[in-house]
Amino acid sequence: EKKCACVALQSEQHQKANEMIKNNALLLNYMVKNELKFSGKPILTVKQWNFEKSEITFDFCFPLQSQQATYPEHPEIFIKTIAKQKALKTDFHGNYRISDHAWYTILDYAKQRNIDLDYKPLEIFFNDPHSGSNELDWKAEIYIPIKS
């Protein structure tokens, strides 16, 4: 379970990384301005996945170290708690623009084993794409919750 500062976004699946890049500074400035510390890596949580149109509604979040009762208000940023839940996981290595390809690996695995999933992937990003590092060294953990 993690408390996070988030921004709500919507895009085609292949555009999710662009939306995160566009909103990274917004979240970072909120954290710095309000002297909030990170407690982990950036997270993407899908709220709705339209398979037919390849569109997603998602939150891009920065985990918070402090567990305050209230946080400074912002017109575009909200605080949410990501609940702990059982999920299938895979690691993705490569450019985050295509990390959603790993979602289908999990879906195939679940289908072969009759595991019922809640189609709301969660991604945790371990590398900063702006660091100039080789994208083949980038890592993301991909989770898709198992329906209880």
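**View 1. Tyr30, a buried residue of helix α1.** In this predicted model, Tyr30 has a relative accessibility of 4%, so Tyr30 counts as buried. Tyr30 is part of helix α1. Leaving aside residues up to four places away in sequence, Tyr30 touches Ala5, Leu36, Tyr71, Pro72, His74, Ile77 and Ile79. One of these neighbours, His74, is 44 residues apart from Tyr30 along the chain, yet the two C-alpha atoms are separated by 8.2 Å.

**View 2. The seven-stranded sheet and the helix that packs on it.** Here we step back to an open sheet of seven strands, paired antiparallel in the order β4-β1-β3-β2-β6-β7-β5. At its edges are β4 (77-82) and β5 (87-93), each of which pairs on one side only. On average, and ignoring direction, neighbouring strands are turned by 30° against each other. Helix α1 packs on this sheet and touches β1, β2, β3, β4 and β6. The direction of α1 makes about 145° with that of β1.

**View 3. Strands β6 and β7 side by side.** Strand β6 (residues 122-125) and strand β7 (residues 139-145) run antiparallel and are joined by four bridges. To find one of the residue pairs, look for Glu123, whose bridge partner in β7 is Ile142. Also worth a look is Lys139, which lies over the face of Phe126 at 4.8 Å from the ring centre.

**View 4. A disulfide between β1 and β3, with a free cysteine beside the pair.** The structure holds one disulfide, and it joins Cys6 to Cys61 with an S to S distance of 2.3 Å. The link is right-handed, with 110° about the S-S bond. Distant parts of the chain come together here: Cys6 belongs to strand β1 (residues 2-12) and Cys61 to strand β3, 55 residues apart. Both Cys6 and Cys61 are buried. Cys4, by contrast, is in no disulfide; its nearest cysteine sulfur, that of Cys61, is 5.0 Å away. Cys4 has 0% relative accessibility and therefore counts as buried.

**View 5. An aromatic cluster around Phe51.** Of the nine aromatic pairs in the structure, two that involve Phe51 are described in this view. The ring centres of Trp49 and Phe51 are 4.4 Å apart and the planes meet at 35°, so this pair is tilted. Trp49 is buried at 8% relative accessibility, whereas Phe51, at 39%, is partly exposed. Phe51 also pairs with Tyr119: the centres are 5.2 Å apart and the planes lie at 85°, which means an edge-to-face arrangement. That second pair links distant parts of the chain, with Phe51 in the loop between β2 and β3 and Tyr119 in the loop between α2 (101-112) and β6, 68 residues apart. Tyr119 is partly exposed, with a relative accessibility of 37%. Ring pairs link Trp49, Phe51 and Tyr119 with Trp103 and Tyr104 into a cluster.

**View 6. Two loop residues with positive phi.** Most residues other than glycine have a negative phi. Glu35 is not a glycine, yet has a positive phi of about 50°. Glu35 sits in the loop between α1 (16-33) and β2 (43-50), and at 71% relative accessibility Glu35 counts as exposed. Ser54, also not a glycine, has a positive phi of about 55°. You will find Ser54 in the loop between β2 and β3 (55-63); with a relative accessibility of 33%, Ser54 counts as partly exposed.

Notes
Residues are numbered from 1 along each chain as its sequence is written. This is a predicted model: local features need pLDDT of at least 70, side-chain atom pairs count only at pLDDT 80 or more; totals for chains, interfaces and linings use all residues. Side-chain values use heavy atoms; hydrogens and water are left out. Buried means under 20% relative accessible area, exposed over 50%, partly exposed in between (1.4 Å probe, protein chains only). A disulfide is a pair of cysteine sulfur atoms within 2.5 Å. Two strands pair if DSSP finds at least two bridges between them. Axes are lines fitted to C-alpha atoms, for helices over the stretch in contact, and angles run from 0 to 180 degrees between N-to-C directions. Contact means heavy atoms within 4.5 Å. Rings of Phe, Tyr and Trp (its six-membered ring) pair if their centres lie within 6.5 Å; planes under 30 degrees apart count as stacked, over 60 as edge-to-face and the rest as tilted. A charge sits over a ring if NZ of Lys or CZ of Arg is within 6 Å of the ring centre and within 35 degrees of the ring normal.
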